[in-house]
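Reader: I am new to this structure and would like a close look at a single part of it, explained step by step.

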Amino acid sequence: MSEFSSSEKEILSKHFSNVEDSVFAIITPRQVDRGALMSRYSRSDKSMRKIFLDEFIQNENRGEEFYNRVLLEYGDDSVAELGEAQIAIEGLSNIAVKKIEDRRIGLSYLEKSSRYVTWDKKINGQYKFFREPDIMNSKYAEIYLESCNFDFEIYSRNIQPMISYIQEREPINNQKFKNNAGEEVSFTRLSSEDDIKSATRIYNATIKAKALDILRGILPASTLTNVGITGNGRAFEYLLTILHSSALEEERTLASKMHQELDTTIKSFVRRADDKYGKALQKYLIELKTTAINLNKKHIKPKKSNNFLVNLVDFESVKKAEEKIISAILYEQAQGMPYNDILGQVKKIGPTTRKKIIQSFTNLRQNRRHRPSRAFEMTEYTFDFLTNFGMFRDFHRHRVLTLERQLLTTNHGFCIPDEIISLGIKKDFEDCMYKSKQVFDIIHQKMPEQAQYVVNFAYNYPFFMRLNLREATHLIELRTVPQGHPDYRKVAQNMFKLIKKAHPSLGGIIKFVDLKEYKLERLEAEKKIEEKRKKLEN
């Protein structure tokens, strides 16, 4: 016999995907009710649909009331993860978007790509870069505008010449494409009109991506981008608190605007971001930063960085790392033995046997999506980087690790792609860099944080990263795929070599690293995209 009457079923069908099965989706339209139902569910012996009928259907504000009581009276933070929202931010700088994307847990991001989208278009006669309010209200406004506008002018006028140069260097007639029989042949041997159109589409997309990859170093950090964020209330609340405590007006303004919009969907979940509790946390975050600044001035003498790309600065001995990982591998099937006892026995295993055990798990991986087991999280590596800011933006997307970074600066030199020199625009490129440095040095004296906006993507940027072997495997294999940007491919390749040198046997688990170089990185990926497009059309 059904738990619900016919009239109750009719009501429930508007709020749940089914009214009888033990597995169902919650489709009630209000986000706050969905979250409140999930949370209330954990504190009742009733079924969820019964709770909805008894407690929610007659009270439109039931969800709000529940969260107000649980969140504010009892401080149960975990229930704030039950409310989700999606928010879009358009026209924020690359400084602000990186601050947002620093948040590691509970938020997912999709950001406008500098590889597929050009920044040469103007809005109301102005290039799309952030006019930083503190700078614009200061005596530095004119030189700031001159520097950013100059960057965009050089970038914009060289897009087509760079595309033409890459086309001449890698002509379409030298590339291979699939014909309608599925065979890889040169472009000149394609006969059908559809095959020629398809190959041309692949080639043009590849060439454009390559040209924009090369030129992106000219863009300044003030360049405006767009980002979409999906996340839960708890994560959004902390993000808002971070932004509210920022020294930059752009980020504080973003916090206010985001808070206002999130109030329309998950108000109860983000309420504490700027109340008395939120303000106390903001004060704490500001004090953390101030204390670190003061300690830095007291204990650290400024020193020019050496010209390095990536260094492995901290790791365990081979024996210790292998013993910990093997112990973790054996733990699950060890019939109730404590980890320490397993480790004690593993320590008696010789290096040859340890190597065989690790190799047996390496052999099991058939592709890069076959991730190593969690046992490979038992050893960690700390890498120190000095790479261009454009490359950092790609590595910054990896969040299952510890990453600390410094303020943007022009003090560590910049990277010049070979193609910039070959095209004959080295002087223009260097003029951008030198002008940016000149303006940065002037603004930095009074406004160190605001001065970041003028720094180009090509300038070198120091950061360090600590990650375990399992995550290193994912990062290195992903960032060395052929379609990857050449800058981060080189860095990921060096990371692999350093791990392999430090831990020869364990480094073998990074099985699908690509150490080759490619002239047209996107070509094979664009071919696969075209194949998928054709299947979709059919």
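Which residue in strand 11 is the bridge partner of Thr382?

Author: The model is a predicted one, and in it the bridge partner of Thr382 is Arg466, which belongs to strand 11. This pair is a good place to enter the sheet around it. Strand 9 (380–388) and strand 11 (residues 460–468) pair in the antiparallel sense, and nine bridges join them. As a general matter, the strands of a sheet pair through backbone hydrogen bonds, and the pairing can be either parallel or antiparallel.

Stepping back from these two strands, one finds an open sheet of four strands in the order 8-9-11-10, with antiparallel pairing. Its edges are formed by strand 8 (310–315) and strand 10 (402–405), each of which pairs on one side only. From neighbour to neighbour, the strands of this sheet are turned against each other by 20° on average, when direction is ignored. Helix 20 packs on the sheet, where it touches strand 8, strand 9 and strand 11, and the direction of helix 20 makes about 35° with that of strand 8.

Helix 20 (486–502) also leads to a pocket, for it is among the elements that give two or more residues to the lining of the second largest pocket. About 1,000 Å³ of space lies in this second largest pocket. The lining counts 42 residues, and those closest to the centre of the pocket are Ile416, Pro417, Pro486, Asp487 and Lys490. Besides helix 20, the elements that give two or more residues to this lining are helix 9 (193–215), strand 9, helix 16 (389–395) and helix 17 (418–423). Helix 20 gives the most to the lining of the second largest pocket, with six residues. In character, the residues of this lining divide into 15 nonpolar, 13 polar and 14 charged.

Taken together, these details connect the sheet with the pocket: strand 9, which holds nine bridges to strand 11, is touched by helix 20, and both strand 9 and helix 20 give two or more residues to the lining of the second largest pocket. The pair with which we began, Thr382 and its bridge partner Arg466 in strand 11, thus offers a starting point from which the rest can be followed in the model.

Definitions and conventions:
Residues are numbered from 1 along each chain as its sequence is written. This is a predicted model: local features need pLDDT of at least 70, side-chain atom pairs count only at pLDDT 80 or more; totals for chains, interfaces and linings use all residues. Side-chain values use heavy atoms; hydrogens and water are left out. On a 1 Å grid over the protein atoms alone, a cavity is a set of points where a 1.4 Å probe fits but cannot get out, and a pocket is an open set with protein on both sides within 12 Å along at least five of seven lines; lining residues have an atom within 4 Å of a point. Grid points are joined across faces, edges and corners, and a volume is the space filled by probe spheres set on the points. Ala, Val, Leu, Ile, Met, Phe, Trp, Tyr, Cys and Pro count as nonpolar, Asp, Glu, Lys and Arg as charged, and the others, Gly among them, as polar. Two strands pair if DSSP finds at least two bridges between them. Axes are lines fitted to C-alpha atoms, for helices over the stretch in contact, and angles run from 0 to 180 degrees between N-to-C directions. Contact means heavy atoms within 4.5 Å.
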